[in-house]
Amino acid sequence: MIYVVSGPSGGGKSTLIRRVLGSLPGLCFSVSHTTRRKRESEVEGRDYYFTSEEMFRKMLRRGEFLEHAVVHGHFYGTSTREIRKAAQGDIILDIDVQGARQVREKVKRALFIFVLPPSYQKLKSRLERRGLDSPAEIRRRLDRARQEIRSYSRFDYIIVNDDLEEAGRELESIIRCNRRQLVYCRKEIAPILESFRKKRAKRR
Ligand code: ADP
Ligand code: 5GP
């Protein structure tokens, strides 16, 4: 199953995803390709695959991406290879709203979660406090947020990330709850059902 987490930059997507990866077994993170420069705190292959524009375009031509988009002037994309990592379990994607729309068109088994900051002001102060982007970059991200917010209605779930503990619990609950759908637990319950059948056979 694919879980797509989207929403404006600074809304808390990666913070929430990090939490849920730490608390839920059987869930892995989809590492995207990007042409933007690596930040000091980031690790190649853990946060992103940092890729040249030439290589990104080559991969695009070869049809290696499930989705891709230009975000804040750089290419970002989820490779189909990355998604295959999750053949046996669940995978969580942190992607922008354009990418989420492409996944919606291509993948049946996917759930779409939108992370909304509590207000524009709080988003601004979070981006500033995060200290990763220049003032010009922060302005660009805030401008873009005004447009991205409008996509909320195309998502299955909305998390308002005000209190971090609560928002984290909500994301975890959405995934836990989804996993209990009959279609996803047939394999798990098969031996339980089988044990009941054997008992009845013995009595006869
Ligand atoms: P995104 O991945 O959506 O760009 P981040 O997860 O990097 O956003 O969060 C942006 C900043 O806001 C980070 O510094 C993070 O620690 C902080 N943050 C995230 N969620 C909350 C919250 N609920 N309350 C306060 N600060 C938060
Ligand atoms: P950042 O540069 O802050 O890491 O990410 C900027 C934006 O790009 C975020 O909104 C993030 O969700 C989005 N993003 C990251 N990876 C991908 C991806 O593979 N595809 C798309 N469409 N967006 C991505």
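On a 1 Å grid over the protein atoms alone, a pocket is an open set of points with protein on both sides within 12 Å along at least five of seven lines, and its lining residues have an atom within 4 Å of a point. Grid points are joined across faces, edges and corners, and the volume is the space filled by probe spheres set on them. The model here is a predicted one, in which local features need pLDDT of at least 70 and side-chain atom pairs count only at pLDDT 80 or more, while totals for chains, interfaces and linings use all residues. Side-chain values use heavy atoms, with hydrogens and water left out; residues are numbered from 1 along each chain as its sequence is written, and chains are lettered from A and ligands numbered from 1 in the order in which they are written.

The largest pocket holds about 1100 Å³ of space. It has 40 lining residues, with Ser14, Arg39, Tyr48, Asp94 and Arg130 closest to its centre. Helices (DSSP runs of H or I, at least four residues) and strands (E, at least two) are numbered from the N terminus. On that scheme, α1, β5 (65–71), β6 (74–79), α5 and α6 (135–148) each bring at least two residues to the lining of the largest pocket, and α1 gives the most, with six. Sorted by class, this lining comes to twelve nonpolar, twelve polar and 16 charged residues, where Ala, Val, Leu, Ile, Met, Phe, Trp, Tyr, Cys and Pro count as nonpolar, Asp, Glu, Lys and Arg as charged, and the others, Gly among them, as polar.

Ligand 1 sits in the largest pocket, meaning that more than half of its atoms lie within 2 Å of the pocket's grid points. Around ligand 1 there are 13 residues, and Gly10, Ser14, Thr15, Arg130 and Asn161 come nearest; a residue belongs to such a shell if one of its heavy atoms lies within 4 Å. Polar contacts (pairs of N or O atoms within 3.5 Å) link oxygen atoms of ligand 1 to the Ser14 side chain at 2.5 Å, to a polar backbone atom of Lys13 at 2.9 Å and to a backbone N or O atom of Gly11 at 3.3 Å. The protein buries 77% of the 560 Å² that ligand 1 exposes when taken alone, with accessible areas from the Shrake-Rupley method and a 1.4 Å probe. Helices α1 (13–23) and α5 (120–130) are the elements giving two or more residues to this shell, and α1 has the largest share, three residues. Seven residues of the shell around ligand 1 are polar, four charged and two nonpolar.

Ligand 2 also sits in the largest pocket. Of its 17 surrounding residues, Ser32, Arg36, Tyr48, Tyr76 and Asp94 come nearest. Oxygen atoms of ligand 2 pair with side-chain N or O atoms of Asp94 at 2.7 Å and Arg39 at 3.1 Å, and a nitrogen atom of ligand 2 is 2.8 Å from one in the Glu67 side chain. On its own ligand 2 has 510 Å² of accessible area, of which the protein covers 95%. Both β5 and β6 supply at least two residues of this shell, which has five nonpolar, five polar and seven charged residues.

The second largest pocket contains about 560 Å³ of space. Among its 20 lining residues, Met1, Gln88, Gly89, Asp90 and Tyr184 lie nearest the centre. Elements β1 (2–6), α3 (80–84), β7 (90–94), α7 (164–179) and α8 (182–203) give two or more residues each, and α8 gives the most, with five.

Definitions and conventions
A polar contact is a pair of N or O atoms within 3.5 Å; within protein, one must be able to donate a hydrogen and the other to accept it, and residues adjacent in sequence count only if both atoms are side-chain atoms. On a 1 Å grid over the protein atoms alone, a cavity is a set of points where a 1.4 Å probe fits but cannot get out, and a pocket is an open set with protein on both sides within 12 Å along at least five of seven lines; lining residues have an atom within 4 Å of a point.
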